[in-house]
Structures are given as C-alpha cells and as structure tokens.
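User: Please take a close look at the aromatic rings here. Then show me how the rest of the model is laid out.

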Amino acid sequence: MAETDLQLNESVKGYARLSYSIFKRQYGGRALRRSEILLLGTIFSFSSANDAASESACNMSYRKFEEKLMLSHGTVARGIKALKQLGEIRQDKSRRSGASYQCVNPPKERGFIKIDLYLYATKFTVRGEKEARYLPKSAIDVLCLIKTHCADPKGDGYFVGSVRGIAKTLHLTKTTVQNAIDILLGAKLVFRSKEGRGVNGHKRSRFTVNEKLLRRTEKNYKKETSPQSPEKRLSKAEQAADERAEREIYYEAQQRLARQRVEWFSHCLDQDSTYTKINAAVRALDISIARAEIYKPSEVRRLKNEQRRLQIDRATRMEELNVSEADLVPKWRCTKCSDTGFYPNGKMCDCYPKGGRKP
C-alpha cells in the first residue's frame with residue numbers, strides 16, 4: 001500500500017465541481033487555463049452549486065483561494081481578472097472579510113467531476129521516487145475523473161477510457177495525460193486491469209481507484225484538521241500548559257503552511273526541464289565568475305553579462321509557469337513575528353487569535 005505524507009493546510013476543505021463543458025469553453029479561440037478552470041469551478045461550487053438561480057455567493061479572499069487551491073497570488077489575481085473580463089463571474093467588493101463572487105454563466109449540464117481539494121495538500125509516495133511528492137494538478141484532474149465515474153451508482157464501479165479520450169475530455173495533451181496516469185499508477189491511487197489494458201493511447205483501458213487509500217488519507221486529513229474537544233476541569237497549571245501547547249501548535253501550523261507553499265512552487269519549477277537547465281547554468285556561472293576574478297579578471301565582465309542574460313531567461317520562464325520570486329519566499333501571515341509568536345526582543349506577539357487556536 002502506498003504511503004501518504006499529509007501536509008496540513010487548515011483552509012483546504014470540501015471539493016470543487018468542474019462540469020465537463022468548462023474544459024472545452026472557447027473565447028475567441030482561447031480555452032480557459034487550468035488555474036482559471038479551477039477558480040471558476042470553486043466559485044461555482046461555493047456559491048450556486050445546487051441551484052443555478054440561487055443568489056448565494058462565494059465569499060473568499062485571494063489568500064483563501066491560494067490556500068485552498070495551492071496557487072500563487074499572481075495566478076489567482078490574473079485568473080480572477082480574466083474570468084471577469086470573459087464575463088464568467090461578477091465580483092462584489094463591498095464585503096470587509098473578502099470579495100464576493102457569483103457565476104454569471106453557470107453550466108447547465110448535470111455531469112461534473114468532483115475535485116477533492118484535500119488532494120492538493122497531500123503528498124504521495126510514487127514508486128521509484130525517494131521522497132513523497134505533491135500530485136500535479138493534471139494528475140488530480142485525471143484521478144478525480146476516474147474516481148467520479150467509479151462512484152457513479154449507475155455505473156459498474158470502474159472507468160473505461162483511453163489516453164486520447166481522457167485528453168479530449170480534460171482538454172490536456174496526450175503526453176500530459178500519460179504522465180499523469182503513470183504517476184497515479186506509481187502512487188497506487190488507481191489500478192489498471194491487465195485484461196482490460198489498452199495497447200496504446202488510442203485503445204481504452206479499465207481503471208479503478210484505490211478507495212481504501214483515498215478513504216484513509218481523507219480520514220487522516222479530517223482528523224488532523226478537526227477542532228479538538230476541550231478537557232474538563234483542568235487545574236490552572238494544566239490550563240496554562242495547554243494554552244502554551246495550543247499556541248505552539250498554532251504557530252507551527254502557520255509556518256508549515258508557509259513552507260508548504262514554497263515547496264509546492266519549487267517543485268513546479270523543478271519539474272520543468274527548461275527552467276532547471278537555465279537555473280543550473282546560472283549557478284554554474286557563479287563558480288566561473290569567482291574563479292575568473294582570481295585567474296582571469298578580463299573574463300569577469302563577459303561572464304557577468306552572460307549570467308544577467310540567463311537570469312532574464314529564467315525570470316521569463318518562471319512567469320510562463322505562473323511562479324514569481326515572491327512565491328519562493330515564505331509568505332508569513334504575521335510579518336511582525338514571522339509566524340513564530342515572538343518579537344525579536346522575546347516579547348509575545350499579539351497576532352495570536354483571541355479565543356485560542358482556530359481549526
């Protein structure tokens with residue numbers, strides 16, 4: 001059984017409903033980006049998911065979108081702006097706690113894929129890899145497509161499809177779908193029947209999901225993120241000790257969340273061969289420049305110019321991957337104490353929520 005490494009993200013709860021048509025919507029020949037699809041599906045799910053005529057709205061800040069969907073601030077901002085320009089959502093900024101969003105053009109069909117958001121906050125061990133990893137968003141889409149079909153009470157408990165068919169449904173390339181299936185098989189999240197295995201990307205295969213592993217992962221997640229019931233009639237010393245422990249747990253969770261976001265974006269960059277090649281060249285020039293300053297001073301200027309050019313190429317590639325330099329630095333909730341709970345002088349920070357740690 002594959003092991004999971006749950007990285008707590010206390011804001012990630014529930015699911016998003018992505019209708020099949022949302023993957024194929026075209027706007028002047030442009031399809032929605034994956035981040036835009038996920039944002040639109042989340043807004044639909046948290047607002048009028050059950051009633052297309054409902055006046056309910058999705059009340060979330062950019063930070064909540066970032067935490068729920070593991071997206072960078074820039075990606076969320078660009079996605080919301082694009083969805084508003086395309087006429088898919090409308091925004092109400094009158095709320096203090098965060099903007100309010102409603103779907104202008106909700107999907108009419110009943111069929112949809114249920115995306116479990118806790119999957120974005122979970123690491124899985126993939127066969128052949130030393131460390132647990134987050135699933136790429138494309139792998140989560142493929143997994144939830146298979147899972148949705150397997151859970152259909154009118155179905156046979158399995159999903160039958162080809163790489164080409166899945167790619168067409170999710171508006172992905174066949175290579176991306178094949179890579180996603182390989183990851184899911186390696187993590188033992190899905191199983192492929194030997195008797196019903198297609199010989200190539202055009203032939204259909206039979207898939208089932210590892211329901212036991214998914215149930216256990218979700219159960220552990222809910223257990224770790226659920227509020228703890230208070231103990232009754234504790235002494236003052238015990239209450240003080242519990243308060244200190246609760247405070248430590250709170251700040252550890254904030255620091256873990258900040259590090260988790262950095263790790264996610266670093267992982268996205270490391271998976272891109274173009275970025276890794278440019279980044280390696282930039283780092284190699286650091287050594288070359290240091291040596292040239294001692295042995296060949298005349299070469300220093302040329303090497304520094306070459307490094308600046310590569311740094312520009314690296315920044316351009318990061319922008320194409322929707323990752324900024326700020327995403328690679330921990331984003332603390334409290335900038336005064338950097339989520340440690342204490343000022344540099346040792347005094348307790350006042351950012352701890354009143355009433356204790358919140359679930």
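Analyst: **Rings, then the wider fold**

Tyr-134 is buried, because its relative accessible area is 1% (buried means under 20%, exposed over 50%, partly exposed in between, with a 1.4 Å probe and protein chains only). Trp-264 is buried too, at 3% relative accessible area. This is a predicted model: local features need pLDDT of at least 70, side-chain atom pairs count only at pLDDT 80 or more, and totals for chains, interfaces and linings use all residues. Residues are numbered from 1 along each chain as its sequence is written, and side-chain values use heavy atoms, leaving out hydrogens and water.

Now the pairs. Rings of Phe, Tyr and Trp (its six-membered ring) pair if their centres lie within 6.5 Å; planes under 30 degrees apart are stacked, over 60 edge-to-face, the rest tilted. By this rule there are five aromatic pairs. One of them joins Tyr-134 and Trp-264: the ring centres are 5.4 Å apart and the planes stand at 65°, so the pair is edge-to-face. It links distant parts of the chain, 130 residues apart. Tyr-134 belongs to strand β10 (residues 133-134), and Trp-264 to helix α8 (residues 236-270). Helices (H or I, at least four residues) and strands (E, at least two) are DSSP runs, numbered from the N terminus.

Tyr-250 and Tyr-251 make another edge-to-face pair, 5.0 Å from centre to centre with 80° between the planes. Both Tyr-250 and Tyr-251 are buried. Which residues do ring pairs link into a cluster? Tyr-250, Tyr-251 and Tyr-352.

Rings also meet charges. Arg-17 lies over the face of Phe-112, 4.0 Å from the ring centre. Arg-206 places its charged end over the ring of Tyr-158, at 4.1 Å from the centre. The test is NZ of Lys or CZ of Arg within 6 Å of the ring centre and within 35 degrees of the ring normal.

Next, a sheet. Strands β5, β7 and β6 form an open sheet in the order β5-β7-β6, with antiparallel pairing. β5 (58-59) and β6 (89-92) stand at the edges with a single partner strand each, so one side of each has no neighbour in the sheet. Two strands pair if DSSP finds at least two bridges between them. Two bridges join β5 to β7 (residues 100-103). Asn-59 stands opposite Ser-100 in β7. Helix α1 (residues 34-46) lies across β5, β6 and β7, at about 95° to β7.

Helix α2 (residues 62-69) has several buried residues, including Phe-65, Lys-68 and Leu-69. Just after α2, Met-70 takes a positive phi of about 55°.

Further along, Asp-286 sits in helix α9 (residues 273-295). Asp-286 counts as partly exposed because its relative accessibility is 43%. Asp-286 and Lys-304 are 18 residues apart in sequence, and 8.8 Å apart C-alpha to C-alpha.

Finally, the whole chain. The protein chain has ten helices and 13 strands. Of its 359 residues, 41% are buried. Among contacts (heavy atoms within 4.5 Å) between residues at least 6 apart in sequence, 70% join residues at least 24 apart.

How confident is the predictor? The average pLDDT (confidence in each residue, from 0 to 100) is 81, and 84% of the residues score at least 70. Residues 6-13 stay under 50, with 38 contacts beyond four places in sequence in the model. Residues 49-54 are also below 50, and have six contacts beyond near neighbours in sequence.

Conventions. pLDDT is the predictor's confidence in each residue, from 0 to 100. Axes are lines fitted to C-alpha atoms, for helices over the stretch in contact, and angles run from 0 to 180 degrees between N-to-C directions.
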